[in-house]
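This report describes a protein model and how some of its strands pair. Please look at the sequence and the structure before reading on.

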Amino acid sequence: MNTPTQTALQPAARRAPAAGSPFKGQYRKRLFKADLLTVIAWASVAGAVALWLADGGVAGFSSVAGAFTAMGIVAGLAGMDLVLLMLLLAARLPVIDGAVGHDRALEFHRKLGKPSLYLLLAHGVLIAIGYGLAEGLDPISESVALWVKVPDMWLAFVSMALFIAVVVTSLVAVRRRFPYEFWYAVHLLTYAAVLTSLPHQFSVGGLFAEGTWQRWYWLAVCIATGTALLHYRVLEPIVATVRHQLRVSRVVAAGHGVVSIEMTGRHLDELAGSGGRFFIWRFLAPGQWWHPHPFSLSAEPLQFDADGGGRLRITVRNLGKGSASLARLKPGTRVAVEGPYGLFSTAARSRKHVVMIGAGIGITPIRALLESTPFAPGDATVILRGHSRSGLYLGDEILELCQRRGATLFHLTGRRPRGVQTWQPETEARSGYRLASYAPNLADADVYVCGPADWARNVLDDARRAGVREEQLHYERFDW
Amino acid sequence: MRIRAVVSATLASVGILVAGWQSGAHVANTASAVGTTAGTTGSGTTGAGPSGSVGSSAPSSGTSGTTGSSSSTGAAAKADGTFAGDVVQTRFGPVQVQVTVSGGAISDVTALQLTDDGGRSVQISNYAAPLLRAEVLQAQSANVQTISGATVTSDAYLTSLQAALDAAHI
Amino acid sequence: MQPTSELGRPELKAKTFRRMGTVVSLTVPVGPEPWTAAAEATLADATGVVERRFGELDARFSLYRPESEASRLARGELSLREASQEFRDCYADAAEWRLQTEGAFTPERPDGVPDLSGLVKGFAIKEAGALLQSRGLADWCLNAGGDVLVAGSPIVGSRAAWQAGVVDPQDRTTLIAAYPLGGSTGGSTGGSTGPRALATSGSAERGDHIWTRGAGVSEFRQVSVAAADILTADVLATAIVAGGVRMLNRATSGWDVEVLAIRNDGGILATPGFRA
């Protein structure tokens with residue numbers, strides 16, 4: 001059961017691009033975009049501080065009180081800039097998604113969380129000290145005075161409290177203790193936190209007074225961020241939902257605790273070719289509608305007619321509380337859709353060869369990717385990992401696809417050995433197999449990994465040890 | 001992060017900061033220049049001492065200052081002048097302190113509120129700032145109809161300005 | 001701010017009397033017509049009304065009169081619950097002010113004896129002003145021991161403001177500042193009226209009725225507050241002397257007032273209204 005299942009090479013269903021050169025070019029372009037975005041992100045922080053300097057901010061450093069206040073202002077400006085960057089990173093902007101992918105964008109988003117909170121806290125403390133020194137009050141009294149007397153300042157205090165709440169609940173350790181639904185609701189508070197922080201920036205201290213460059217810069221940045229969020233997180237999903245008119249047509253069991261949800265809709269041709277990219281699904285049923293589910297298609301959409309009317313399918317397993325009730329969805333339920341998002345697709349390719357590894361429910365995006373990404377027969381390797389054969393979801397379909405397209409397929413089933421960090425079952429691990437054993441051309445291949453976080457980390461480590469570079473690794477988180 | 005991104009991000013950020021700092025230095029120079037002009041007028045007023053008219057809302061009018069400043073200029077050492085002090089950030093916006101030196105001694109320290117022209121900070125600028133005697137609304141007993149002072153006892157009243165006013169009208 | 005000089009020196013008549021340990025004067029302008037016996041009688045009558053009200057309140061609140069309600073309370077012969085409605089109302093007002101000034105103004109001496117003298121003079125001026133108003137007097141200036149409440153103008157039929165001088169605490173024979181009270185600053189009709197009241201408190205004279213927090217020495221030698229009503233002006237002036245810069249900042253941002261505060265070293269802190 002644990003021996004690799006190798007399929008015979010078959011004639012290619014799709015023509016592979018010659019010598020992988022398009023992928024090289026695509027990769028270079030994407031790399032340039034990512035670097036450009038990085039530069040813009042840092043430049044925006046520098047720009048915020050530079051505009052403050054341009055409005056004469058450096059004069060503040062000529063006294064102790066002024067120095068505290070000046071540092072407080074710089075911290076606030078940088079903190080606000082980072083917060084707006086975080087919002088943009090989570091806004092699913094196509095330009096960011098296409099350059100670094102949804103997961104990497106959210107990873108940066110998370111990395112910025114603590115620094116921006118620290119900057120905002122420093123902002124509050126330093127300003128209270130600075131103003132207090134200038135007015136002969138201790139920082140606590142000054143804070144009370146600010147809260148009580150200065151218009152809009154109480155909102156800023158509320159905003160600070162919200163930021164703290166959001167960051168604290170987002171920290172992974174705490175997040176584990178709360179259900180996803182709670183975390184999601186708290187996260188919505190970010191918008192409240194940002195909105196409540198805005199008034200005092202424009203009214204207190206005359207920093208963004210009329211006629212200053214800073215006023216225009218921050219107005220522009222805030223409006224741009226707000227517009228981007230509104231467009232990509234509200235408007236586009238609504239447009240997509242209305243356009244595709246998705247309804248649940250069938251819910252079928254695809255294994256233990258795993259269901260495939262089939263939907264019918266219109267213009268589904270526009271959703272084709274998304275590969276392993278994920279969509280956000282909301283099932284418009286009582287108690288369900290507000291809960292977003294990120295799943296990729298588990299099969300390319302099937303088209304019935306020339307108008308794009310057809311059927312598509314997702315395959316899901318019980319993860320959160322919300323996912324569990326999906327098995328009870330009634331046919332006819334309307335479905336809101338947004339996406340596709342992420343880089344778990346052909347857009348991330350940089351090499352001619354491709355290795356796709358999926359575990360558990362993470363197999364489903366692998367299946368979609370396998371169906372759509374171009375490769376020459378013999379250039380692709382697919383590895384499926386499950387506790388048992390029944391855990392290799394969609395295994396039959398994948399076998400058939402591999403046969404048709406000429407990919408090498410391995411089924412790895414069985415328990416993982418205790419106390420050893422490996423992504424393989426016990427037997428394979430003991431036999432000294434490594435990732436390169438399954439895919440000899442690993443060093444020159446794109447490696448797509450989808451599965452539980454710990455397992456995926458072991459796969460990625462294995463790949464790195466085999467000399468695979470970061471840009472070749474494509475990893476989709478498969479918790480939320 | 002890739003080296004290329006790091007290097008270009010660093011270069012861009014440093015460049016932007018330097019550009020901001022440069023144009024900021026220019027702004028700061030202008031500001032202190034403005035402060036000096038305003039302050040010189042103030043020193044003139046100081047020399048003139050409290051001038052009579054209650055209503056005069058413009059102590060900066062040149063004539064009242066000339067006499068005082070010309071005499072002090074004659075005696076003054078070369079260190080005389082008006083110097084813009086530190087800009088201190090307060091929740092009311094930046095406040096700049098201005099020092100006037102005449103005859104080698106500090107004769108005037110003024111706080112200038114710098115944000116009266118912008119933003120909503122004006123709303124909350126009813127802030128008690130340090131003022132010189134010459135800068136408050138001036139009065140001579142001849143021009144007032146009543147006098148406010150710290151609670152005067154009946155005995156103190158007898159020698160008070162209010163008593164003089166009352167006596168004149170009884 | 002120029003009408004005074006344009007219209008010439010206003011001609012005034014004043015009456016004074018002693019009450020509450022100080023001297024109270026009521027001043028009214030002389031109209032275009034010559035000063036008649038009838039006008040003199042009206043002023044004397046008005047002064048009498050004011051004097052009676054001051055007398056009643058003095059009899060009740062003065063700690064200088066052994067038979068006053070306040071003194072009996074201080075000696076423990078009477079409890080606050082047994083005190084008159086007026087005393088209790090006044091005490092409640094004072095307690096409310098203590099809250100609003102975060103304790104800078106307090107209706108109690110450090111030994112716990114209720115002391116409303118910080119409030120009573122302002123209260124008396126306010127009541128007297130209401131009486132004058134109810135008698136149809138349009139233009140008058142009431143000055144009780146340096147706390148001033150005005151109505152109308154010092155020149156009959158004009159919009160000119162009363163000019164109130166503020167005594168220089170370092171030299172009581174000179175003025176340190178002026179402030180226009182009452183009058184009308186707006187357009188033809190219903191123009192806005194400036195503050196009508198100006199009160200000054202000091203730590204130099206009769207410092208016994210301003211209790212500074214923590215029994216420290218006050219930062220301010222003298223504090224003047226201009227406000228729409230005399231109670232606010234009086235209480236805040238007292239509170240700022242007791243509460244220092246903190247209370248000053250609280251007052252300027254929490255109330256619509258103008259403040260002129262003179263530090264012990266003679267330095268001046270003033271809101272824009274006092275600025276020339």
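What follows covers chain A in outline, then the strands that link chains B and C.

The model is predicted. Chain A contains 14 helices and 11 strands. Of its 480 residues, 48% are buried. Among contacts in chain A between residues at least 6 apart in sequence, 74% join residues at least 24 apart.

**Contact between chains B and C**

Chain C puts 61 residues into this contact, and chain B puts in 41 residues. On the side of chain C that touches chain B, β6(C) gives the most, with 7 residues. That side of chain C has 31 nonpolar, 23 polar and 7 charged residues.

**Strand pairs**

The table lists four strand pairs, two of which join chain B to chain C.

| Strand pair | Direction | Bridges |
|---|---|---|
| β5(B) (residues 146-148) and β5(C) | parallel | 3 bridges |
| β5(C) and β6(C) (residues 171-181) | antiparallel | 7 bridges |
| β4(B) (residues 129-131) and β10(C) (residues 268-270) | antiparallel | 3 bridges |
| β1(C) and β2(C) (residues 22-29) | antiparallel | 8 bridges |

**Strand β5 of chain C**

Strand β5 of chain C spans residues 162-168, and 6 of its 7 residues are buried, so the strand is largely enclosed by the rest of the structure. Towards chain B, C:Val166 in this strand is the bridge partner of B:Ser148. Within chain C, a hairpin leads from β5(C) to β6(C) through 2 residues. In that pair, C:Gln163 stands opposite C:Pro180 of β6(C).

**The open sheet**

Another set of strands also draws on both chains. It is an open sheet of 9 strands in the order β4(B)-β10(C)-β9(C)-β8(C)-β7(C)-β4(C)-β3(C)-β2(C)-β1(C), with antiparallel pairing. Its edge strands are β4 of chain B and β1 (12-19) of chain C, each of which pairs on one side only. From one strand to the next, the twist averages 15 degrees.

At the chain B end of this order, B:Leu131 has C:Ile268 of β10(C) as its bridge partner. At the other end, C:Lys15 stands opposite C:Leu26 in β2(C). Helix α4 of chain B (residues 161-169) packs on the sheet and touches β1, β2 and β3 (140-144) of chain C. The direction of this helix makes about 125 degrees with that of β1(C). Thus chain B supplies both an edge strand of the sheet and a helix that packs on the sheet.

Notes:
Residues numbered from 1 in each chain as written. Chains lettered and ligands numbered in written order. Predicted model: local features only at pLDDT ≥ 70, side-chain atom pairs only at ≥ 80, totals over all residues. Buried ≥ 20, exposed ≤ 12 C-beta atoms within 10 Å, placed from the backbone. Contact = placed C-beta atoms within 7 Å. Pairing = 2+ DSSP bridges. Nonpolar A, V, L, I, M, F, W, Y, C, P; charged D, E, K, R; others polar. Axes fitted to C-alpha atoms, helices over the stretch in contact; angles between N-to-C directions.
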